[in-house]
Amino acid sequence: MSEVSVSILDCDFNNLNSEIEKVNNTNINYIHIDIMDGVFVDRNTKKLFDLDKISNLTDKNLDIHLMIENPLDSIDEYININPYLISFHIENNDKILKCINKIKSKGINVGIAINPNTNLNLLKPYLKYIDLVLVMSVFPGKGGQKFIDSTFERIQKLNYLKDDYDIKISVDGGVNNSNSKKLLELGSDILVSGSYLMKNSNILTAYKSLLNH
């Protein structure tokens, strides 16, 4: 079953209540929260999201994407809001198993995110421990970037790699209705889409077009 996670990085934070209400009135599965620290990527969004407020405004599952250095040191503050999923990056991280175990110990699903230029084979030792791979189809740091076409091949390869594991593949970056059909056909389970959904005049129509309904 194909699912959609809406990134609210580019939403109108001055009108957060109405922006979340738009999402609530769709069958979108998750709200994707992009946490950046200004170190792992240039942008810092740590103070952008009022996670307690967002949790209170929606019953949608929260999907936390940590683009931060030393995620092990920060995981606790995101565990506290009891999200459905926490994903952290494989790059520059020598404590991957500790991150996995800390998140799993709280009954939260674990994802590993991987950048467009990082070898997929680096994921192999961790596939048996995680629930999801978040494939970046742009370089992380800002919304509205153009989708990188080599992602299609990476999804295909990852689909073979994960054959023996019960893992979902999520794709994040530049996802819209011009690439979503192929992404789903190649084995993507979750489409993360931000500006295409949040800046569309009709979010419900945009959501349906992602899934080719």
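Two parts of the chain are in contact when heavy atoms of one lie within 4.5 Å of heavy atoms of the other. With that meaning, the buried residues of helix 8 pack against strand 1, helix 1, helix 6 (180-185), strand 8 and helix 7. The model described here is a predicted one.

The barrel is a good place to begin. Eight strands close into it in the order 1-2-3-4-5-6-7-8, and their pairing is parallel. On average, neighbouring strands of this sheet are turned by 25° against each other, direction ignored. Strands of a sheet pair through backbone hydrogen bonds, and the pairing can be parallel or antiparallel.

Several of these pairings can be followed residue by residue. Strand 4 (85-89) is joined to strand 5 (109-114) by five bridges, and the two run parallel. One place to look is isoleucine 86, whose bridge partner in strand 5 is valine 110. Strand 5 is mostly covered, with five of its six residues buried. Further round, strand 6 and strand 7 also pair in the parallel sense, over five bridges. Here valine 135 stands opposite valine 171 in strand 7. Strand 7 is mostly covered too: four of its five residues are buried. Strand 7 (residues 168-172) pairs with strand 8 (residues 190-193) in the parallel sense over three bridges. In strand 8, the residue opposite aspartate 172 is valine 192.

The helices come next, starting with helix 1, which spans residues 16-24. Its buried residues are Leu16, Glu19, Ile20 and Val23. These residues sit on the same side of helix 1, because they cover an arc of only 95° around the axis. What covers them includes strand 1 (3-7), strand 2 (30-36), helix 2 (51-57), helix 7 (195-198) and helix 8 (203-210).

Helix 8 can be read in a similar way. At its start, a side-chain oxygen of asparagine 202 reaches to within 3.1 Å of the backbone nitrogen of leucine 204. The buried residues of helix 8 are Ile203, Ala206, Tyr207, Ser209 and Leu210. Seen down the helix axis, these residues fall within an arc of 165°, so they line one face of helix 8. Among the elements they pack against are strand 1, helix 1 and strand 8. After helix 8 comes asparagine 212, with a positive phi near 60°.

Two other asparagines, both in loops, also have a positive phi. Asparagine 70 is in the loop between strand 3 (61-67) and helix 3 (75-79). Its phi is near 50°, a positive value in a residue other than glycine. Asparagine 82 lies in the loop between helix 3 and strand 4. The phi of asparagine 82 is about 55°, again positive although the residue is not a glycine. Are these two side by side in exposure class, or do they fall into separate ones? Asparagine 70 counts as partly exposed because its relative accessibility is 45%, a value between the limits of 20% and 50%. Asparagine 82 counts as exposed because its relative accessibility is 56%, which is over 50%.A loop residue can also be buried. Threonine 118 is in the loop between strand 5 and strand 6 (132-136). This threonine is buried, with a relative accessible area of 10%. Leaving aside residues up to four places away in sequence, threonine 118 touches Ile90, Glu91 and Arg154. With glutamate 91 there is a polar contact between the two side chains, at 2.6 Å.

The cysteines close the tour. How many disulfides does the structure hold? The structure holds zero disulfides. Cysteine 11 counts as buried because its relative accessibility is 9%, and cysteine 99 counts as buried because its relative accessibility is 0%.

Technical notes: Residues numbered from 1 in each chain as written. Predicted model: local features only at pLDDT ≥ 70, side-chain atom pairs only at ≥ 80, totals over all residues. Heavy atoms only, no water. Buried < 20%, exposed > 50% of the residue type's maximum accessible area, 1.4 Å probe, protein only. Arc of directions from axis to C-beta. Disulfide = S-S within 2.5 Å. Polar contact = N/O pair within 3.5 Å; in protein donor to acceptor, adjacent residues only side chain to side chain. Pairing = 2+ DSSP bridges. Axes fitted to C-alpha atoms, helices over the stretch in contact; angles between N-to-C directions.
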